[in-house]
Amino acid sequence: MAVGRVWVAARVCRRVLRRAFSLHKPHSITEMENTLQLVRNIIPPLTTKKHKGQDGRIGIVGGCQEYTGAPYFAAISALKVGADLSHVFCTREAAPVIKSYSPELIVHPVLDSPSAVRDVETWLPRLHTLVVGPGLGRDNVLLENVKGILEASKARDVPIIIDADGLWLIAQHPALIHGYRKAVLTPNHGEFTRLSDAVLRDLVDGSDHREAVRRLSQALGNVTVVRKGERDVMSDGEHVLECAHEGSSRRCGGQGDLLSGALGVLVHWALHAGPEKTNGYVTSSFLVLPVPSRVSHFVCSYV
């Protein structure tokens, strides 16, 4: 199974890059091959010396009575991209439903427990990334628990992907992730507008997406922001990247969840590979590569 996952990941990268490069201005073969090499560099090599979990242990924080599909989509997409283990930290009512979707997921029914923060914190040393928000909902008890989980994750230097109602929480309490350079926010149009209204003091020019994303990132202390849309715009407040790869023409529920789970794996791989293998693209201040973003959006289009 591991061989198949790496083979699929490499094939996906090649198909995505070919299409992304061909949609717009001409690019040289050398430029495309260089980018493909960045993809190859972040995919973990297979060896007989590896052990279970080494290529990715991803945690999903979310899942309540109303929303059980979102955490499943995030967790299963992490496995399909190439993670070894996928954990879901959800409410007690959501756990049996999520367990029934797939035997591959490790489901913890703790998110609505009085000891939720402590229960999740015990697992943090064994997780490479945390994806917060899919299926979370806006129940006050859950949101208070997630605040504590975010603080515990920052204390342990765990990379965090924040999506969906996790972004709603950040709009209410921006200080939760302000200045945490291993946080990646993935807002859609509405979520981006809500965050901008909450964080920025003056109006943003809606027509200049690059500048709008850069300013929001700066206002949040240079966390990485990935604004999803026709053209996905990414910034850490200093650099700005765009992904023009065409995704699905549909905008149905679940696509953002697939993306967040995929990014959880790709961020871990990119950080593990380090700047020496990615031509300096991956540093502590800029986690999102153009390559992982294109791969993730390919996953959203085809899974």
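**Reasoning from values to terms**

Modeller: At a relative accessibility of 32%, C252 counts as partly exposed. The model discussed here is a predicted one.

Colleague: Why is C252 called partly exposed?

Modeller: A residue is buried under 20% relative accessible area and exposed over 50%, with partly exposed in between. The value for C252 is 32%, which lies between these two cut-offs, so the term partly exposed applies.

Colleague: What makes C64 count as buried?

Modeller: C64 has a relative accessibility of 6%. Buried means under 20%, and therefore C64 belongs in that class.

Colleague: How many disulfides does a search of the whole structure find?

Modeller: The search finds zero disulfides. A disulfide is a covalent bond between the sulfur atoms of two cysteines.

Colleague: How do you know that C64 is too far from the closest cysteine sulfur for a bond?

Modeller: The closest cysteine sulfur to that of C64 is in C90, at 9.5 Å. A disulfide requires the two sulfur atoms to be within 2.5 Å, so C64 and C90 do not meet the rule.

Colleague: Let us turn to the salt bridges. How many salt bridges does the count come to?

Modeller: The count comes to nine salt bridges.

Colleague: What makes the contact between D165 and R138 a salt bridge?

Modeller: The N to O distance between the two side chains is 2.9 Å. The rule asks for a side-chain nitrogen of Lys or Arg within 4 Å of a carboxyl oxygen of Asp or Glu, so the pair qualifies. D165 lies in helix 7 and R138 in the loop between strand 4 and helix 6, so the pair ties together parts that are 27 residues apart in sequence. D165 is buried at 15% relative accessibility, whereas R138 is partly exposed at 43%.

Colleague: Why is the contact between D157 and K182 called a salt bridge?

Modeller: Here the N to O distance is 3.0 Å, which is within the 4 Å limit, and therefore the term applies. D157 is in the loop between helix 6 and strand 5, and K182 is in the loop between helix 7 and strand 6, so parts 25 residues apart in sequence are tied together. K182 counts as buried at 19%, because buried means under 20%. D157, with 42%, is partly exposed.

Colleague: How do you know that R210 forms a salt bridge with E242?

Modeller: Their closest N and O atoms are 3.2 Å apart, so the 4 Å criterion is met. The pair links R210 in helix 9 with E242 in strand 9, 32 residues apart. Both are partly exposed, R210 at 37% and E242 at 25%. R210, R231 and E242 are linked in a network of salt bridges.

Colleague: What makes D112 suitable for a patch of negative charge on the surface?

Modeller: Asp counts as negative, and a patch residue needs over 30% relative accessible area and no salt bridge. The relative accessible area of D112 is 35%, so the area condition is satisfied. D112 gathers with E66, E93 and D139 in this patch, and D112 is found in the loop between strand 3 and helix 5.

Colleague: Is I161, in strand 5, buried or exposed?

Modeller: The relative accessible area of I161 is 0%, which is under 20%, so I161 is buried. The C-alpha atoms of I161 and G261 are separated by 8.4 Å, although the two residues are 100 residues apart along the chain.

Definitions and conventions
Residues numbered from 1 in each chain as written. Predicted model: local features only at pLDDT ≥ 70, side-chain atom pairs only at ≥ 80, totals over all residues. Heavy atoms only, no water. Patch = residues over 30% accessible without salt bridge, like charges linked within 9 Å, V, L, I, M, F, W, Y side chains within 5 Å. Areas by Shrake-Rupley, 256 points an atom, 1.4 Å probe, with all protein chains shown as cover. Charge placed at Lys NZ, Arg CZ, Asp CG, Glu CD. Helix = DSSP H or I, 4+ residues; strand = E, 2+ residues; numbered from the N terminus. Buried < 20%, exposed > 50% of the residue type's maximum accessible area, 1.4 Å probe, protein only.
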